[in-house]
Structures are given as structure tokens and as C-alpha cells.
Amino acid sequence: MTKIGRRDFVNYLLGFGGISAIAAIFYPIGRYLVPPPIREAEPTTLKVGSIDEFPANSSKIVRFGRKPVILIRDSGENIHALTATCTHLDCIVQFSEDRQQIICACHNGVYDLTGKNVSGPPPKPLTEFAVKVIDKEIVISQMKA
Amino acid sequence: MSNFFDSRVARWLDDRLDLSPIKNLVEHKKVPIHHHTVWYYMGGVTLFLFLVQVFSGILLLMYYRPGENSAYESMQFITSKVHFGWLIRNIHAWGANIMVLFAFIHMFSVFFTKAFKRPRELTWATGFILLVLAMGFGFSGYLLPWNELAFFATKVGTDIAGVVPIIGEKLKIVLRGGDDVTGATLSRFFGIHVAILPALTTVLLGLHLLFVQRQGMSEPEFFEELPEAKKHYIPFFPDFVLRDALLWLVVLIIILSLAVFFPWELGLKADPLASAPMGIRPEWYFMFMFQSLKFLPPHILFFEGETLGVLFFAVAGIFWMLIPFVKLQNGSINESKFFTYFGLATLAFMLGMTILGYLV
Amino acid sequence: MKSQLQLLKHLTALTIFMLTPYYLMGQDSSQSPGESQVNTCLECHEVLEVMPEGYSADDVHQAAATSCVGCHGGDATNYDMDESMSPAAGYIGIPSRQDIPKLCGRCHSHIDYMRTFRPRIATDQVDQYNQSIHGKKLAEGDQNVAECVSCHTSHAIFPADDPRSTTYAINIPNTCRQCHGNAELMDQYGLGHDQYDKYATSVHGKALLERKDTGVATCNDCHGNHGATPPDAESISNICGSCHLNNLTYFKQSQMAEDFDIHSCQECHGNHDIQPPTDQMLNTDSDTAICLTCHSVGDAGAATAFAMYRDIETVDSLYTLAQTKLKASQTSGMNYAEIDYQLQQTKQNLIQMRTLIHTFDTEEVKAKGADGIKTAKEAIHLAEMEIQEFQTRRVGYGLSTLAIVILAIAVFLKIRQRDEMLKQQ
């Protein structure tokens, strides 16, 4: 290999290495700057659907961050949102339309619609979420302590 | 590259801005070659790491949200949801530690090669202040993820500020933004970390680099005493710069590897009502102070032990910063030897206390 | 004049002490709550250090309603011991065991009086007691059976929701054990004495005594308290069903309950030593299958049991697999919130399947199992994606490191080249 040839090779290698290193550094930065499509881990508010699709005397479980939340529309106009895991042994609670109460089928724990533990083994109330209806859209948010 | 100054762009710029200082630097700056040349790289690496911190820090700012109810959550979001968020966060965390490490190495190498002596007193002093600022960056940044360990470490750290005589209690309240470590402290530390310290650092770093360029590389005594013919130099540009670049790349690979294989845990969210978890430690570069304060008896004469300790470190820091101005009148001891022994004693104390801190 | 009136009152008291509801007795002495600070009984007994065993100053009666004289009679305003503790002053001393229920009933059976303390308090305790085995035996003159103070103590009585009370949920098993754990005593009645020991090893006993879960069933939740009797075969299912709601509902609607009305919960689950049920109870391939007590391999019942067992096992093993994958992604520092959420769903499905077996309907169990399989598979899929992502990180790390290493080598070669050039100059 001639002197000139070696010199060229080193310069080419510098150019190639330089460009690939720049790519290796700027690719992650570019990806980083594009915001991820996924919801944030601990949201403070959550849209849970239209009020028209949520008839009276019905309930559904929605996901709030990593916690399940039970959304209830009682026989009247009121909408309640509470953590859905029973405070006794973490079963998912359900809405009892007849009694207008929340019950846990695992050990017959009973809560009222504000989450207060009424009877059975649950030691603590369910945590309540604030519910607002904005443009027919139900929005729940964490209550301020 | 030297033919850059013959290009049209350069001439256009030169016409307006006078590029001769830069041209001078590029063409004439040279670096002495001797068996202590390796220490010349330490400052450059620290500068590189500082730049890594600036860029990764700016990127983190894109998603980080300070606040009691959002800081930890946004960190969780960054590390688990954002593409490469984990990488940026870990580079920032590892880069911080390695930067402080190199800053210490830089400082001690300058000390032992006596490079701080006339005419470089001001370079030394600005460098020392930069190290203190770097430690401030570390202390304030540690709290920002708002996790349990950071919360309690900050509590302990700001408590220490409280023992300073007379102004201590006020200082603590100012640092914390209240009586206790709360969301207010977090806002404050955030402001310190991303605004106050960067501003101060920019100014001091500018001065520090300006001084270095004005004075050129320091030559150790033994090198100065060599006959001219035996003094070897290499041009700063491009030879020394290439060597710098090589080391920076190696350091970059090390940080990347640490970030990938030893990620920092986020831990649990800070809970002001929880009891302090076991093993609360300051970051390693505070350990020697933390440990010495622990060894002090509660009372020394009429003073509280801790107060005296904090005062001692403040005075020692100022003394260390002003050490280039120390002039020994005593003829019996060689000045250069005095500095060596003093430096060794300081280093031994710091290392010893740090090691004890991790053993006890 | 005044002393004559006093004497008259005391004589009246003596004759009607046991017959008159306490609260109708008027306000003549320290018995009224307003004047309870005058209590000569306590003053002297404290000084002479002849206090009753187990006395607590916080005793509910002492604190709120009555004091010594409420049960023992006498005059708590008079410092003369002979006078205050004379029959003339209505003093009755230590009441006999036979009299105790009646004595307590003087207040506790009268709602008009009791509701002045607690508006919703029950006043049927004595009635219930009289119908209980304890009460009937006491009426027959049995001196061994429990009456009020056996469980409530005499001088340290607290409401049942006070943790100091012998009738506080967590203390109940030990209270009953005082007699029911006594082999010598129980032998006289042909009863076992190991209920406490069995209970302590049961799922309920562990929850109550170890985890301090006061919501769990303790002795009186199945046997009643004042009206304590052994529950009979039919009522036992209703008792269990008061907490295990769906299990009972499903069971009652099932063929098992229709065709054979002798069946009750305890046939499969036992009574005092109920253990956490396992899926193996259905596994007709093993000797742990409870179903094989009546059924035999090959018949329809055993086939049903095995079908349900297989479905649960499928979901359960997927659940376990998903959990190990969750751990793997956790330890490699990856995001696991999504997986965790899916797994919570699977866990719910498993709980529901294990409840649905009480329908003895394989289709129901299978349908729920399908949900469980779906959520578990989703969790596994997510976990694998996370682990995949972790691998991708390493590949990405490898590639970017390679790029930087190439650049570093190029720089190194450049340095060597420059050095040679400088040397030549």
C-alpha cells in the first residue's frame, strides 16, 4: 500500500466513522423528541366516553393509569367514579342496581355510592374520583386530598 | 485544516471579525510532551462531559415536569414510555458522576504538578469554583426525580446547612423554601439546577477556558529545566485535539455501557410521611464530608461538633482555593515539597473518609 | 324524719331489687350518672386494697352508666360499711350464676333505658341466651355453662368493638377457648375440645389471628353469640353464604343442591379447620380430589370435576407463566405497568372461575376461562414485547458502540499517521 493510499484509507475511515457515530447519536435524540403515543403513566384526568352511551342504572370498569375504576350511573342523573378494587382483598367490585350500592362478591363487602364501606369485611372506603360532564363527555379526575 | 484560513469564507470573516487570535491558537499553540502529559487530558474530558450533561439535560427538560405530583410520574414516563428516554436519563445520571470524578482528577493533577502557581492563580480559583458548582449541580439534581432516597438525602443535606452559626437556620429555610423538604423545595432545586447553576457555570467556564488559552499549557519544573533541544512538543491542532477526541470517544462508550448495563433505579416515590429507609447516603463525592461530620463528637469546647465541622470545611475550601497565593517564609522546607505533602494529606483524608463512609 | 324516709326507700329496694328494671328505680343515690363521682364502695375498696380481680377503671359501666351498686346493690353514698353493705341498703353481694342473666337483663333488656346510651343497641341478649344451649343448661341448674360474665368478664367489660374487650373479634376465639378448649370439661358433654386449634390453622383463623382481619368469620359469626348453638346442616350454607355470596348463590341454583338437599359447604370444605381451597380438590386424577368422596372416576360427576379442573389449570398456568415474564421484564428495568394491569384482570378471572365451579356447569367455567386465557396471553405478549425491547436495546447499543469504536480507531490511525509525519520533518 502506498503512503497516499493509506492516508486516503484513514481519511475515508474517519469520514465513515464520523458519519455513523453522528447517526448513532442523533437517531436516539430524534426518536426521543417525538412524543410517544401512549397515555402517561399516572394521568390526572381521563375522558371515559359520552354520557349518551351511558344509560341510567349501569356501570362499567374503566382504566385510570394502572388502576381499574368503576364508573356508575345511578337510577338518577348522578355519575360516580371510584377505585374498583375492594379494600378487603383486592377483588373487583360491582354495582348492584337493585340496592343502589356497590358490592364485592368475594366476601359480601358493601359500599355506598360515595365509596363508604357500609357492611362486610372491607376495612376502608373506596377512593372517590371527581366526575365532570363537559360537552356530553364524561371526564374523571383525581380528587384533591 | 490550516488551509481553512486561506479559504474565502475565512477571509470574509477575518475582514469583519479579525480571526487572528483563533488563527494564532490553531497555528502556534503547542503541548509539551513528557511523562505527565496524560494529565493535560483531564480538563478536556471534564469539558466534554459537561457538554454531554448540557445536552442530555436539555433533552430531559422536554418531558420533565417539576412538582410534588408530577416529578416522579414524569420521570417514570420518561424512563418507560418515551423512546430512548431511559438512555437519556441514564446518560445524564452516569455522566454527572463521571464528570465530577474527572473534575476531581483534574484538580488533583493540577495540584500535584504545581500547575496552579504563578501566573495561573486565577485559572485555579475559577476551576475550584467550577468544581463547587458541579457538586451543587449534583446535589440539586439528585432531588429532581422526587424519589424516596433523594428526598431523605436532601433532608439530611439541607439539615447540615442548618448548623452554620447565626445564618444556618435562615439558610436552611431559604434552601428548602420552607421549614421542611416539600414541593416548594423541589421547585427551588429545579430552578437552581436548570437556571442559576448553568448561568454561573457558563460565566466561570468561559473565564477558565479563556485563561487557559491565554497562558498556554503549563510546563512542570523538571520540563522547564531541560535544555531547549530536549523539550518535545506537539502541535495543539490537530495532534493534541485528535488525542483528546480519542479519549472523549472512549469515555462516551463507557457512559453508554454504564447506561445500558447498570441503569439507575427510579425507586419509590418520595413520601414525606414515610419513615426514612435504610442506607441513606449522600452521593459519593459528598461522602468524605458527611462521614467526617459523623465522626465529630457532639461538643468540642463551647461549640457544637457539627457546627465546627461545617466551618472547618468552609475554611478549608477557601484555603484550598487560595493556595496559589500561599508563600512560605520558612526556608527550611522546600515550597514544592510542602505542597506535595499537603496535597497528599488532603487526598488521603478524603479517600480514607470516603472508604470509611462506605464500609461503616 | 329524713332517716325514716331513707330506711323506707331501702326496704323497698331490697324487695324489688331483682324484679324492677334498674332504670325505673329513681334517682335516690349515686346510681344516677350525674352523681357518679360519689362512690364510697370504690373509695374504701381502693384504700383497703380489696379490689375485684381484673378490675378496670375504664369498664364501660363504671365509665358511662352505673357503678358497683348497679349489680351488687347497697348504698354508695354512705361511708359506714355496715350500713352501706346491709340488706337494708339493698346490698346483695356476689350474685349467683343463675341470677346473672336476669341481673344484666334489668338494664340490657329494656330498650327505653338502653337507647339513652346507644340508640341502635340490641336488647334481646337475655332472650337469645335463654334459648341457647348455654341458657337452657343454666336454667337446668348446670353450674359449668357460660353466662354473661363468662364471656364479658365482671369488672372489665368493654363494647365489642373495643380491642380491649374479650368479645372483640380477634379475642373471641380465645374467649370461647376458655371453656371449649378444656378437655376435662368438654368430655362431660361429649364435645370435642380442639376447635380452637383447628380454627387457628384454618383460612379464617389465620386471617383473624395472624393478619388481624376483623372482617373474617370467628366463632360467633357461625354459632351466634348470645343464642349460641351448633349450626345444623341446612343453615350452615346460609351462614357461609353471608360472606361467600356468589358461592352460595351458584351452589343453590345447581343440580347438586336440588337433587341432594343434604349437601352443605362443610362437606367439601370442613368446618373449624377450613383450609384455603386448592384446584387439586377437583383433580380426579389425583387422590386429593374431594369429589371422589362420593363420585368415582368414570361417572359424570368426576368428568365434570375434571373438565373444570383442566380449564382452571390452563388459566392458572398461563397466569404463572405471565408472572414470571412480568418479573423478567421488571428485573431488566423495563416498563411493567401495562402487564401488571392485564394480570390483575387474569387474577379476577381466576377468582371468578373458582367461584363458578359451584355451579357445577362446565360451560360457565369454560366461558370465564376464555376471558382469563385472553388476558393472560395479552400479558404474556406485552411482557415478551418488553423483553424483546430489552434485547433491541442491546443490539442498538452494540451498533452505536460499533460506530463510535470505528471512529475511535480512525482517530487513532490518524494520530499515528500524524506522528510519523512529524517524525519525518
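Q: In which helix of chain B does P238(B) lie?
A: In this predicted model, the peptide bond that joins F237(B) and P238(B) is cis, with omega at about 0 degrees. The proline of that pair, P238(B), belongs to the element of chain B that runs over residues 236-261, and this element is helix α11.

Q: Between which two helices of chain B is the loop that holds P119(B)?
A: A cis peptide bond is also found from R118(B) to P119(B), where omega is near 10 degrees. Whereas P238(B) is placed in a helix, P119(B) is placed in a loop. The helices on either side of this loop cover residues 85-112 and 121-143 of chain B, and they are α5 and α6.

Q: What radius of gyration does chain B have?
A: Chain B contains 14 helices and 4 strands, and its C-alpha atoms fill a box of roughly 70 × 60 × 40 Å along the principal axes. For 360 residues, a compact globule would be expected to have a radius of gyration near 21 Å, and the value for chain B agrees with this. That value is 23 Å.

Q: What percentage of the contacts in chain B with a separation of 6 or more comes from residues 24 or more positions apart?
A: As background to the contacts, buried residues make up 46% of the 360 residues in chain B. When the contacts of chain B with a separation of 6 or more are taken together, the part that residues 24 or more positions apart account for is 75%.

Q: How far apart are the mean positions of the positive and negative charges of chain B?
A: The accessible surface of chain B comes to about 18,900 Å², and carbon and sulfur atoms hold 69% of that area. As for charge, chain B carries 27 positive and 26 negative charges. The distance between the mean positions of these two sets is 3 Å.

Q: Is Q125(C) buried or exposed?
A: Q125(C) is placed in helix α8 of chain C, which spans residues 125-131, and its side chain reaches the backbone oxygen of A122(C) at 3.1 Å. Leaving aside residues up to four places away in sequence, Q125(C) touches H108(C) and H226(C). Its relative accessibility is 17%, and because the cut-off for burial is under 20%, Q125(C) counts as buried.

Q: Which residue has its backbone oxygen 2.9 Å from a polar atom of the side chain of H358(C)?
A: H358(C) is found in the loop between α21 (337-356) and α22 (362-424) of chain C, and at 14% relative accessibility this histidine counts as buried. With residues up to four places away in sequence set aside, H358(C) touches N247(C), Y250(C), F251(C), S254(C) and H269(C). The backbone oxygen that lies 2.9 Å from a polar atom of the H358(C) side chain is that of T355(C).

Q: What is the relative accessibility of Q100(A), which has a positive phi although it is not a glycine?
A: Q100(A) has a phi of about 50 degrees and is placed in the loop between β5 (94-96) and β6 (101-104) of chain A. This residue counts as partly exposed, a class that begins where burial, under 20%, ends. The relative accessibility of Q100(A) is 21%.

Q: What is phi of N108(A), a residue other than glycine?
A: N108(A) is placed in the loop between β6 and β7 (109-111) of chain A. At 17% relative accessibility, N108(A) counts as buried. Its phi has a positive value, near 60 degrees.

Notes
Residues numbered from 1 in each chain as written. Chains lettered and ligands numbered in written order. Predicted model: local features only at pLDDT ≥ 70, side-chain atom pairs only at ≥ 80, totals over all residues. Heavy atoms only, no water. Rg over C-alpha atoms; globule rule 2.2 N^0.38 Å. Buried < 20%, exposed > 50% of the residue type's maximum accessible area, 1.4 Å probe, protein only. Contact = heavy atoms within 4.5 Å. Areas by Shrake-Rupley, 256 points an atom, 1.4 Å probe, with all protein chains shown as cover. Lys, Arg positive; Asp, Glu negative; His and termini not counted. Charge placed at Lys NZ, Arg CZ, Asp CG, Glu CD. Polar contact = N/O pair within 3.5 Å; in protein donor to acceptor, adjacent residues only side chain to side chain.
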